[in-house]
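Hi everyone, thanks for coming along. Let me put the structure up on the screen, and then we can walk through it together.

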Amino acid sequence: MAVALQEGRSLKSEFATKFAFWFSWWAVIILVGIYTGGKLPGRARWLTVPLGIFLMAYGLLLNSIAGRTLKKYGHFDIRKGIRKPEKLVTVGIYSCMRHPAQFGSIFFGWGLAFLTSNVYAIVLAGWYSFSALYFILAIEERETLREFEKDYCRFLAERPPFNPSPRCLREGLRALRNGPAPPRD
């Protein structure tokens, strides 16, 4: 009982750290975009604002599909709170890429930066993207590899970490509606 309780606290702490990473990234971009000079000229805003809205929507869609896929295929059951995954999810959007939710979070951050139409916020989003990529590939993947070992080694070899292809979105939506696709020969 004590081990399970300690593990639950550890997972909540880990989740809180990851949430703080993403939330602070977005908050800093917004603050830089609002409170610094460097606003783009009016004509450029006609491009950056719609681009920002598109990137934010795409990021939210990736996050939504990834989260719903994890929940449907046994990775996370919200009713039981934060806990370790039961199995490695490799269907739906996860058949195309390893980190769709985190990829969506990066797009969301870029969207916020473009929405502010601020050069400093856009440059900062670029730097944050590199730090997020490092975080995902160096820390998250190491944790998952420890958890799933050989299965995750195969998963690593079979798909890229990120894939912006519309085919991935279609595959993710299809798996949520109908179940996973039959294995390819």
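So, what percentage of the 185 residues in the protein chain is buried? The answer is 39%. Please keep in mind while you look that this is a predicted model.

Let's start with the overall build. The protein chain has five helices and zero strands, so if you read the elements from the N terminus on, you just get α-α-α-α-α. As for contacts, take those in the protein chain with a separation of 6 or more: 81% of them are between residues 24 or more positions apart. On the outside, the accessible surface of the chain comes to about 11,100 Å², and carbon and sulfur atoms own 66% of that.

How much can we trust it? The mean pLDDT of the chain is 83, with 82% of its residues at 70 or more. Broken down by element, α3 has the highest mean, 93, and α1 the lowest, 73. Then look at residues 1-8, where the pLDDT is below 50. Beyond near neighbours in sequence, that stretch has one contact in the model. Where pLDDT is low, the predicted coordinates should not be read in detail.

Now to the inside. The largest nonpolar core has 42 residues. Which residues have the most contacts inside that core? They are Trp22, Ile29, Leu62, Ile93 and Tyr94. The elements giving two or more residues to the core are α1 (2-35), α2, α3, α4 and α5 (166-178). The largest share comes from α4, with nine residues.

Let me zoom in on Tyr94 for a second. Setting aside neighbours within four places in sequence, Tyr94 is in contact with Ala66, Thr69, Leu70, Val89, Pro100, Phe155 and Arg159. Hold on to that last name, Arg159, as we'll meet it again.

Next up, charges. How many salt bridges does the structure hold? Four, and I'll show you some of them. In one, the side chains of Glu141 and Arg98 meet, at 2.5 Å from N to O. This pair links distant parts of the chain: Glu141 sits in helix α4 (residues 119-158), while Arg98 is in the loop between α2 (42-72) and α3 (100-116), 43 residues apart. Are these two buried or exposed? The cut-off for buried is under 20% relative accessible area. Glu141 has 10%, so it counts as buried, and Arg98 has 11%, so that one is buried too.

Compare that with the bridge between Arg154 and Asp151, where the closest N and O atoms are 2.5 Å apart. Both residues lie in helix α4, three residues apart, which is about one turn of the helix. Arg154 is partly exposed at 45%, and Asp151 is partly exposed at 38%.

Then we have Glu158 with Arg159, our friend from the Tyr94 contacts. Here the closest N and O atoms are 3.6 Å apart. The partners sit in opposite settings: Glu158 is exposed at 56%, whereas Arg159 is buried at 9%.

While we're on helix α4, have a look at Glu140, which is found there as well. Glu140 is buried, with 10% relative accessibility. Which residues does Glu140 contact, leaving aside its neighbours within four places in sequence? Those would be Lys18, Gln102 and Phe135.

Back out to the surface. Ile30, Leu31, Ile34 and Tyr35 make a nonpolar patch of about 430 Å². Leu31, one of the four, is in helix α1 and is partly exposed at 46%. Remember that α1 is the element with the lowest mean pLDDT.

Last stop: backbone oddities. Most residues other than glycine have a negative phi, and most peptide bonds are trans. Ser117 has a positive phi, near 55 degrees, and is not a glycine. You'll find Ser117 in the loop between α3 and α4, and it is buried at 2%. Glu149 also has a positive phi, about 40 degrees, without being a glycine. Glu149 is in helix α4 and is exposed at 52%.

If you take one picture home, make it this: five helices, zero strands, and a nonpolar core of 42 residues with its largest share from α4. Over to you for questions.

Technical notes. Residues are numbered from 1 along each chain as its sequence is written. This is a predicted model: local features need pLDDT of at least 70, side-chain atom pairs count only at pLDDT 80 or more; totals for chains, interfaces and linings use all residues. Side-chain values use heavy atoms; hydrogens and water are left out. Buried means under 20% relative accessible area, exposed over 50%, partly exposed in between (1.4 Å probe, protein chains only). Contact means heavy atoms within 4.5 Å. A nonpolar core is a set of buried Ala, Val, Leu, Ile, Met, Phe, Trp, Tyr and Cys residues joined through side-chain atoms within 4.5 Å. Accessible areas come from the Shrake-Rupley method with a 1.4 Å probe; for residues, only the protein chains shown count as cover. Patches are made of residues with over 30% relative accessible area and no salt bridge: like charges are joined within 9 Å, nonpolar side chains (Val, Leu, Ile, Met, Phe, Trp, Tyr) within 5 Å. pLDDT is the predictor's confidence in each residue, from 0 to 100.
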